[in-house]
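User: I am new to reading structures, so please take a close look at the paired charges in this chain, and then place them in the rest of the fold. Careful, full sentences would help me most.

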Amino acid sequence: MKEIVKLFKALSDESRLRILNLVFHVNELCVCDIQRVLGFTQTKVSRHLSYLKNAGILEDERNGGWILYRLNKTNNPMREELYQHLKKMFETEQVLQDDIKVLNDSVNKGQCVSISVLPIHKVSE
């Protein structure tokens, strides 16, 4: 029960949902890319990423000078189902879709650090 509570507490914050939406969209992001897209400070982004990581939602990997964050690949069918439902819900939220547009614009302008590592999935506009 404690793990379920930890998971839903992590998902109960708008900033963390916005970060998760971006990770769903491109699979991996670094702190500086999230800062740029959401307009958050490095401290705020890091705090929310830590919360998501401690809840087992995200994992990180060092790549050169950057730490990339991505979904924690657990073999938990219940979590995977929850993520699929969240993705569908995120499609209906304008703020989250606007974040994806900003991310795509940043990638197209070559502003994202992660672009050298990641393929970007275009949002239908």
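Analyst: To say how covered a residue is, we call it buried when its relative accessible area is under 20%, exposed when it is over 50%, and partly exposed in between, using a 1.4 Å probe and counting protein chains only. What you see is a predicted model, in which local features need pLDDT of at least 70 and side-chain atom pairs count only at pLDDT 80 or more, while totals for chains, interfaces and linings use all residues. Residues are numbered from 1 along each chain as its sequence is written, and side-chain values use heavy atoms, with hydrogens and water left out.

We can start with the whole chain. There are 125 residues, and 42% of them are buried. The chain has six helices and three strands (DSSP runs numbered from the N terminus, with helices being H or I of at least four residues and strands being E of at least two), and along the sequence they follow the pattern α-α-β-α-α-β-β-α-α.

Now to the charges. Side chains of opposite charge can pair when their charged atoms come close. Such a pair is counted as a salt bridge when a side-chain nitrogen of Lys or Arg is within 4 Å of a carboxyl oxygen of Asp or Glu, and the structure holds seven of them.

One of these salt bridges joins Glu 3 to Lys 6, with the closest N and O atoms 3.9 Å apart. Both residues belong to helix α1, where being three residues apart means that about one helical turn separates them. Glu 3 is partly exposed at 48% relative accessibility, and Lys 6 is also partly exposed, with a value of 34%.

In another salt bridge, the side chains of Lys 53 and Asp 60 meet at 2.9 Å, N to O. Lys 53 is partly exposed at 36% relative accessible area, and Asp 60 is partly exposed at 29%.

A further salt bridge brings Glu 59 and Arg 70 together, their closest N and O atoms being 3.0 Å apart. Because Glu 59 lies in strand β2 (residues 58-63) and Arg 70 lies in strand β3 (residues 66-71), this pair ties together parts that are eleven residues apart in sequence. Glu 59 counts as partly exposed, with a relative accessibility of 23%. The pair also has partners, since Glu 59 and Arg 70 are linked with Glu 28 and Glu 61 in a network of salt bridges.

Glu 28 leads us to strand β1. The loop between α2 (14-26) and β1 (28-30) contains Asn 27, a residue that has a positive phi of about 80° although it is not a glycine. Most residues other than glycine have a negative phi, and most peptide bonds are trans. Asn 27 is partly exposed, its relative accessible area being 41%.

Helix α2 also holds Ser 15, which is buried, with a relative accessible area of 10%. Although Ser 15 and His 48 stand 33 residues apart in sequence, their C-alpha atoms are 7.3 Å apart in space.

To finish the picture of the charges, we can return to helix α1 (residues 2-10), which includes Phe 8. With a relative accessible area of 47%, Phe 8 is partly exposed, and Glu 3 and Lys 6, the salt-bridged pair in helix α1, are partly exposed as well.
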